[in-house]
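Trainee: Got a minute? I'd like to walk through this one with you.
Mentor: Sure, pull it up.

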Amino acid sequence: MTAERVCGVADLEQDMPLRVDPAGVPITVIKDGEGVIHAIGDTCTHGEISLSEGFVEGDTVECWAHGSAFSLLTGMPGNLPAYEPVPVYVVVIDGDDVLIDPTVIKEV
């Protein structure tokens, strides 16, 4: 599979998660306070909760239901109750297009 357009850079508000579903894979896309765009698996590993409904602080997104905060850089949870990481995806910016290939997980 190749990377596909999931949204435009202009569609992203700072620290506001956006859920996208390229090829049916739920992914949360976030533009952090530095303007860097991240893509991580959308489903909290502690429960079936969408991280796109969570809260962004610095380089983490917190699951609103149980409070686990996941690193946007590594996918690792920083606190319990989650202990398994979420996948982190490679993001390609082409002009105003945000491209993600849901089959390519970022090496962290």
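Trainee: Where is Met76?
Mentor: Met76 lies in the loop between S7 and S8. Strands here are DSSP runs (E, at least two residues), numbered from the N terminus. Keep in mind that this is a predicted model: local features need pLDDT of at least 70, side-chain atom pairs count only at pLDDT 80 or more, and totals for chains, interfaces and linings use all residues. Residues are numbered from 1 along each chain as its sequence is written, and side-chain values use heavy atoms, with hydrogens and water left out.

Trainee: Is Met76 buried or exposed?
Mentor: Partly exposed, with a relative accessible area of 42%. Buried means under 20%, exposed over 50%, and partly exposed in between (1.4 Å probe, protein chains only).

Trainee: What is Met76 in contact with?
Mentor: Leaving aside neighbours within four places in sequence, Met76 is in contact with Ala69, Phe70, Ser71 and Pro85. Contact means heavy atoms within 4.5 Å.

Trainee: On to sheets. What is the order of the open sheet of 3 strands?
Mentor: S5-S6-S7, with antiparallel pairing. Strands S5 (55-57) and S7 (69-71) are the edges, each pairing on one side only. Two strands pair if DSSP finds at least two bridges between them.

Trainee: How many bridges do S6 and S7 pair over?
Mentor: S6 (residues 60-62) and S7 pair over 3 bridges. Thr60 stands opposite Ser71 in S7.

Trainee: Switching topic. How many salt bridges are there?
Mentor: The count comes to 3 salt bridges. The rule is a side-chain nitrogen of Lys or Arg within 4 Å of a carboxyl oxygen of Asp or Glu.

Trainee: Which residues are linked in a network?
Mentor: Arg19, Asp21 and Asp42. The closest N and O atoms are 3.2 Å apart for Asp21 with Arg19. For Arg19 with Asp42 they are 3.0 Å apart. That second pair links distant parts of the chain: Arg19 is in strand S2 (residues 18-20), and Asp42 is in the loop between strand S4 (37-41) and S5, 23 residues apart.

Trainee: So is Asp42 buried or exposed?
Mentor: Asp42 counts as buried because its relative accessible area is 0%. Arg19 is partly exposed, at 41%.

Trainee: And what does Arg5 form a salt bridge with?
Mentor: Asp97, with the closest N and O atoms 2.6 Å apart. Arg5 sits in strand S1 (residues 4-8) and Asp97 in strand S9 (residues 97-105), 92 residues apart.

Note on methods: Helices (H or I, at least four residues) and strands (E, at least two) are DSSP runs, numbered from the N terminus.
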